[in-house]
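Student: Please pick one part of this model and give me a close look at it. Then work outward, so I can see how it sits with the rest.

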Amino acid sequence: MKKRIIITLAASILLTVSAPALAAQVPTEQETAAASLQAQGLMAGDENGDLHLDASLTRAQMAVLVSQLCINPEHIAWERGFYSRLCDANFTDVPEWAKPYVGVCAANGIIAGYGDGRFAPADPVSPQMACTVILSWLERDGWDYATACDKALELELAPAEALEGDTITRGDMALLICRAQDFMAWLQTL
């Protein structure tokens with residue numbers, strides 16, 4: 001009898017100690033979305049592979065992500081010069097590495113600058129900007145810049161907490177893109 005009590009007590013202690021470790025291994029929806037985008041070749045980490053999902057997303061980073069939704073990445077690489085020149089024709093402040101991606105977004109009417117020749121590639125992306133870009137890519141109607149987040153919530157493209165605050169994180173954008181891809185796939189079944 002004592003042996004059973006000791007074994008039961010040991011097993012419960014083991015489960016209690018290991019439960020938090022098991023829970024910590026379950027990826028968040030952001031991590032799952034980022035892993036999906038990484039597997040698709042749309043999102044890359046730093047030299048250590050860290051995706052910095054909690055970091056604010058910049059406009060240039062958003063252009064890289066979204067351009068590859070609009071056009072096959074191999075096409076962007078093949079037409080790099082064309083899209084870079086297109087970017088230069090519209091914006092004066094885009095770094096060389098981002099020019100083809102910004103050019104693709106400009107050509108597809110997905111991302112615009114500030115109207116004075118500035119794209120402001122280092123500016124953080126607001127939730128409204130992110131939702132505007134994704135809704136434009138999805139070609140959805142019935143919204144404007146002021147209501148873009150409401151429309152994204154209505155379409156369940158993001159949880160409300162992902163669209164709160166002044167900026168959107170890289171993880172929140174990954175989630176928004178993955179849910180938009182799922183929405184696009186669903187539309188194609190209709």
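Tutor: What follows starts with one helix and then moves out to the rest of the chain.

First, the ground rules: this is a predicted model, where local features need pLDDT of at least 70 and side-chain atom pairs count only at pLDDT 80 or more, while totals for chains, interfaces and linings use all residues. Numbering runs from 1 along each chain as its sequence is written, and side-chain values use heavy atoms, with hydrogens and water left out.

Let's take helix H6, residues 99–107. Helices here are DSSP runs (H or I, at least four residues; strands are E, at least two), numbered from the N terminus. Seven of the nine residues of H6 are buried, so the helix is largely enclosed by the rest of the structure. Buried means under 20% relative accessible area, exposed over 50%, and partly exposed in between, using a 1.4 Å probe and protein chains only. The buried residues of H6 are Lys99, Pro100, Tyr101, Val102, Gly103, Val104 and Cys105. Their cover includes helix H3 (59–70), helix H4 (73–78) and helix H5 (80–90). Just after H6, Gly109 takes a positive phi of about 65°.

Now zoom out a bit. The largest nonpolar core has 55 residues, such a core being a set of buried Ala, Val, Leu, Ile, Met, Phe, Trp, Tyr and Cys residues joined through side-chain atoms within 4.5 Å. H6 is among the elements giving two or more residues to this core, along with helix H2 (29–39), H3, H5, helix H7 (127–138), helix H8 (148–154) and helix H9 (170–187). In soluble globular proteins, nonpolar side chains tend to be buried together. Leu157, Met173 and Leu176 have the most contacts inside the core. Setting aside neighbours within four places in sequence, Leu176 is in contact (heavy atoms within 4.5 Å) with Ala130, Cys131, Ile134, Leu157, Ala158 and Ile168.

H9 also carries an aromatic pair, Phe183 and Trp186, which is tilted at 5.8 Å centre to centre and 40° between the planes. Rings of Phe, Tyr and Trp (its six-membered ring) pair if their centres lie within 6.5 Å; under 30 degrees between planes is stacked, over 60 edge-to-face, and the rest tilted. Being three residues apart in H9, the two are separated by about one helical turn. Phe183 counts as buried at 11% relative accessibility, and Trp186 as partly exposed at 46%.

Over in H2 you'll find Gln30, buried at 19%. Beyond four places in sequence, Gln30 is in contact with Leu53, Asp54, Thr169, Gly171 and Asp172.

As for the whole chain, there are nine helices and zero strands, and 39% of the 190 residues count as buried. Among contacts between residues at least 6 apart in sequence, 60% join residues at least 24 apart. The mean pLDDT (the predictor's confidence in each residue, from 0 to 100) is 87, and 87% of residues reach 70 or more. Over residues 4–11, though, pLDDT is below 50, and beyond near neighbours in sequence this stretch has zero contacts in the model.
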